2 protein chains.
Amino acid sequence: MAKSPNTTRIQQRNRATILEAALDVFSQNGFRGSTVDQIAKAAGLSKPNLLYYYPTKDAIFKAVMSDLLDTWLDPLRAMDHDGEPLVEIQAYVARKLEMSRDFPRESRLFANEIVQGAPRLLETLSTELKELVDEKTVVIERWMDEGKLNRIHSRHLLFSIWALTQHYADFDIQVRTLMGDEDPFDAAPAFLETLYERLLTPLN
Amino acid sequence: MAKSPNTTRIQQRNRATILEAALDVFSQNGFRGSTVDQIAKAAGLSKPNLLYYYPTKDAIFKAVMSDLLDTWLDPLRAMDHDGEPLVEIQAYVARKLEMSRDFPRESRLFANEIVQGAPRLLETLSTELKELVDEKTVVIERWMDEGKLNRIHSRHLLFSIWALTQHYADFDIQVRTLMGDEDPFDAAPAFLETLYERLLTPLN
DNA sequence: CAGTTATTTGACCAAGTGGTCAAACTGACG
DNA sequence: CGTCAGTTTGACCACTTGGTCAAATAACTG
C-alpha cells in the first residue's frame with residue numbers, strides 16, 4: 001500500500017450511510033426543511049461526526065445530488081438512435097416508470113428542487129441536461145421525418161414522458177389516496193403503453 | 001350598519017395583502033422553508049402586525065390553502081355529466097392548462113405540499129378530493145360503456161391530465177430552460193389536444 | 001508495545017426562528 | 001374636542017439551527 005490511502009474503509013462506510021440518510025431526509029423535507037441533526041440521527045452518527053465527513057449541509061446536498069444525477073439521466077441516454085422508434089420510446093417510458101417505482105425518493109428530491117426554482121441545479125439543467133435533450137430531440141425528429149412516428153412537438157413529447165412517469169413517484173401520496181387498495185403500478189405500464197402507442201403511431 | 005362589523009376595511013385590505021404575499025413565499029420555499037419575517041416583509045408589514053391578523057405561521061398557511069383549494073377543484077367540478085364526452089374532457093384539459101399558465105404559484109404550492117407527503121392536506125385529499133374523483137370516474141366509465149370513449153383506466157386518465165398540465169407550472173424552470181426562447185404555452189394546447197384525441201377516440 | 005493518525009464526541013456559540021407583550025398610535029364618531 | 005376600539009411597533013424571549021473546537025477515543029503501523 002502507498003503512504004496514505006485517502007479513503008479508508010470507515011470513511012467509505014460512513015459516507016455511504018450519510019448519503020443514504022441524507023437522501024431520505026432531503027427527499028421528504030426539501031433542503032431548507034431538513035436539518036443536519038435529522039440527517040445525523042438518521043445516519044446514526046453525532047452531528048460533529050457527520051460534519052467531519054461533509055463539512056456543511058450544502059456539501060451533503062451537493063454530494064447527494066451529483067450521486068443522483070447520472071442515474072437519473074441514464075434512461076434517456078440509453079435510447080438507441082438506430083433502434084425501432086416506437087420500441088425505443090416505449091422502452092424509455094417503461095424504464096422511467098420503473099425508476100419512479102423503485103427510486104421514488106430520488107424522483108421527489110428532484111421534483112422538490114425544481115419546483116422551488118432549482119437554485120442548486122440550474123447550472124446542470126442548462127448544460128448537461130439541455131445538451132442531452134437537444135441531441136435526443138434531433139433523433140426523434142429524424143424518426144418523424146422518416147414517417148416512423150406521428151409528427152408531434154418533440155420537446156413536449158419528452159416533457160409528457162417525464163410528467164406522466166414521475167407523477168407516480170412525486171404525487172405518490174395523492175395517487176395512492178385516490179386508488180385505495182389498488183397498486184398504481186399495476187395498471188400504469190399498460191396505460192402508458194396504450195397512450196404512447198396511440199399518440200405516436202403514424203396515421204399514413 | 002349593525003353594532004360591530006367584525007371585519008373592517010383595513011382588516012380586509014391587510015388580510016388580502018398577507019395571503020397574496022404568503023402565496024408568493026410559500027410557493028417558492030415550501031412551508032418549512034418559509035419564514036414569518038419573509039412573509040411580513042413581502043406584505044410590507046411588521047412581523048407583530050402580521051401576527052395580529054393571523055396568529056401563527058400555520059394559520060397563514062391554512063388560510064392560503066383553503067383559499068386555494070376551491071379554485072383548484074373547480075375545473076373538474078365543471079365537467080358536465082351530460083355533455084359530449086370528448087368535448088368535456090378536452091375542455092377540462094384546456095382549463096387545467098390555463099390554470100397552470102395563469103396560476104403557477106398555486107400549482108407549485110400544491111405540488112410542494114404533496115411531494116412532501118401532504119402532511120397538512122391529507123385530510124382534504126382523502127375526503128373532498130376523493131369524493132369528487134369517485135363521482136367523476138363513474139361518469140367517465142359510463143361514457144366508456146356507451147362507446148363514446150376508448151376504454152382505458154379512468155383514474156389513470158385523470159392522473160395523466162393532472163400530470164401533463166401541472167407539469168408546465170411545477171417544472172416551469174426546467175421546461176423553459178430546455179425550450180429557450182419558445183414559450184411552452186404556445187404549443188402545449190395543441191399537443192395535449194392531439195394526445196387526448198388519439199387516446200380517447202374509440203377505434204371501431 | 002508506543003506512536004501516530006483517523007475518528008468520535010460533549011460543550012459551546014452566533015444567527016435565525018416563531019411568537020409575546022406592553023406601550024404607542026390611528027381614526028371614526030359623538 | 002375626548003374617547004375608545006382597532007391597529008401598529010420596538011424590544012424581547014425561548015428555542016432551533018448550522019457550525020466550531022479541544023479533548024477523548026479507536027485503529028493502524030512499525
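Over which residues of chain A does pLDDT stay under 50? The structure is a predicted model, and the stretch in question is residues 1-5 of chain A. For these residues the model has zero contacts beyond four places in sequence. Where pLDDT is low, the predicted coordinates should not be read in detail. Chain A as a whole averages a pLDDT of 94, and 97% of the residues score at least 70. For the complex, the predictor gives an ipTM of 0.93 and a pTM of 0.94.

The protein interior comes next. The largest nonpolar core has 137 residues, and Leu157(A) and Leu157(B) have the most contacts inside it. Beyond its neighbours within four places in sequence, Leu157(A) is in contact with Ile89(A), Ile140(A), Ile152(A), Tyr196(A), Leu199(A) and Leu200(A), and also with Phe191(B) from chain B. In soluble globular proteins, nonpolar side chains tend to be buried together.

Now to the DNA, beginning with strand C. DNA strand C is surrounded by 19 residues, of which Thr8(A), Gln11(A), Pro48(A), Tyr53(A) and Lys57(B) are the closest. The surface near this strand draws at least two residues from each of α1 (9-33) and α3 of chain A and α3 of chain B. By class, that surface holds seven nonpolar, eight polar and four charged residues. Of the atoms of DNA strand C within 4 Å of the protein, 55% belong to sugar or phosphate, and the rest belong to bases.

Several polar contacts reach the phosphates of strand C. A side-chain N or O atom of Gln11(A) is 2.8 Å from a phosphate oxygen of DNA strand C, and for Ser46(A) the corresponding distance is 3.1 Å. Lys57(B) uses its backbone: an N or O atom there lies 2.8 Å from a phosphate oxygen of the strand.

DNA strand D also has 19 residues around it, and Arg9(A), Lys57(A), Thr8(B), Gln11(B) and Tyr53(B) come nearest. Here α3 (47-53) of chain A and, from chain B, α1 (9-33) and α3 (47-53) each supply at least two residues of the nearby surface. That surface has seven nonpolar, eight polar and four charged residues. Among the atoms of DNA strand D within 4 Å of the protein, 54% are sugar or phosphate atoms and the rest are base atoms.

Chain B provides polar side-chain atoms at this strand. Those of Ser46(B) and Tyr52(B) approach phosphate oxygens of DNA strand D, at 3.1 Å and 3.2 Å respectively. A polar side-chain atom of Asn49(B) instead lies 3.1 Å from a sugar or linking oxygen of DNA strand D.

Notes:
Residues are numbered from 1 along each chain as its sequence is written. Chains are lettered from A and ligands numbered from 1 in the order in which they are written. This is a predicted model: local features need pLDDT of at least 70, side-chain atom pairs count only at pLDDT 80 or more; totals for chains, interfaces and linings use all residues. Side-chain values use heavy atoms; hydrogens and water are left out. A residue is near a molecule or strand if one of its heavy atoms lies within 4 Å of it. A polar contact is a pair of N or O atoms within 3.5 Å; within protein, one must be able to donate a hydrogen and the other to accept it, and residues adjacent in sequence count only if both atoms are side-chain atoms. Helices (H or I, at least four residues) and strands (E, at least two) are DSSP runs, numbered from the N terminus. Ala, Val, Leu, Ile, Met, Phe, Trp, Tyr, Cys and Pro count as nonpolar, Asp, Glu, Lys and Arg as charged, and the others, Gly among them, as polar. pLDDT is the predictor's confidence in each residue, from 0 to 100. Contact means heavy atoms within 4.5 Å. A nonpolar core is a set of buried Ala, Val, Leu, Ile, Met, Phe, Trp, Tyr and Cys residues joined through side-chain atoms within 4.5 Å. Buried means under 20% relative accessible area, exposed over 50%, partly exposed in between (1.4 Å probe, protein chains only).
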